[in-house]
Amino acid sequence: MLTLHVNGERHTLAAEPHHTLLEVLREEMGLTGTKHGCELGECGACTVLVDGAPILSCLTLPIEIGDREVTTVEGLAKGPDLDPLQIAFAEEAAAQCGYCTPGMLLAAKALLERTPLPSREQIEHAISGNLCRCTGYTAIYEAIEKAAKRA
Ligand code: FES
Ligand code: FES
């Protein structure tokens with residue numbers, strides 16, 4: 001049995017001790033917004049926030065999390081209100097296949113929390129661990145800039 005704090009709620013559940021946070025989120029908790037990519041720490045598709053900082057859930061065991069708060073893409077919206085980043089991504093067509101998008105959104109969320117008006121260079125650095133095969137990144141950079149200016 002393990003206890004995790006995810007998206008503002010406390011969950012106690014049974015999971016294999018060798019299952020990664022990515023596997024527990026998706027398979028035990030049904031939070032499939034967090035994506036299975038490389039499972040090697042190279043693509044960023046599995047990015048979630050732990051106490052506001054991005055981590056790779058494919059390389060993290062739930063026991064390492066302790067009492068810290070996990071935020072997945074499902075926790076970004078507040079009820080019916082999307083996060084400004086989600087709105088800007090939709091407006092700028094910054095998601096195409098969408099596979100990288102949850103990780104991108106969370107990496108960008110962490111950036112805007114610590115740097116509300118980031119430079120293009122800071123944005124590039126913040127999402128440099130998140131690979132996108134579709135967009136060429138320009139729309140993603142522009143969406144993050146748009147969300148930052150609105151906030
Ligand atoms: S699935 Fe975790 S970095 Fe690729
Ligand atoms: S939108 Fe397809 S991988 Fe980024």
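**Helix α3 and the five-stranded sheet**

Helix α3 lies across β3, β4 and β5, at about 35° to β3. Axes are lines fitted to C-alpha atoms, for helices over the stretch in contact, with angles from 0 to 180 degrees between N-to-C directions. Contact means C-beta atoms, placed from the backbone, within 7 Å. Helices (H or I, at least four residues) and strands (E, at least two) are DSSP runs, numbered from the N terminus. This is a predicted model: local features need pLDDT of at least 70, side-chain atom pairs count only at pLDDT 80 or more, and totals for chains, interfaces and linings use all residues. Residues are numbered from 1 along each chain as its sequence is written, while chains are lettered from A and ligands numbered from 1 in the order in which they are written.

Q: What is the distance between the end C-alpha atoms of α3?
A: The helix has 14 residues, 101-114. The expected span is 1.5 Å times one less than the number of residues. That gives 20 Å, and the distance agrees: 20 Å.

Q: How many residues of α3 are buried?
A: Buried means 20 or more other C-beta atoms within 10 Å of a residue's own; exposed means 12 or fewer, and partly exposed lies in between, with C-beta atoms placed from the backbone. The buried residues include Met 104, Leu 105 and Leu 106. What covers them includes β3 (47-50), α2 (84-91) and α5 (138-150). The helix is mostly covered, and the buried count is 11 of 14.

Q: Which strands are the edges of the sheet?
A: Strands pair if DSSP finds at least two bridges between them. The sheet is open, with mixed pairing and the order β2-β1-β5-β3-β4. An edge strand here pairs on one side only, and the edges are β2 and β4.

Q: Is strand β2 largely covered or in the open?
A: Strand β2 spans residues 9-13. Of its 5 residues, the number buried is 0, so β2 lies largely in the open.

Q: Which residue in β2 is the bridge partner of Leu 2?
A: Strands β1 (residues 2-6) and β2 run antiparallel, joined by 5 bridges. Their hairpin has 2 residues between the strands, and Asn 7 takes a positive phi near 50° there. The partner of Leu 2 is Leu 13.

Q: Which residue in β5 is the bridge partner of His 5?
A: Strands β1 and β5 pair in the parallel sense, over 2 bridges. The partner of His 5 is Glu 69.

Technical notes
Contact = placed C-beta atoms within 7 Å.
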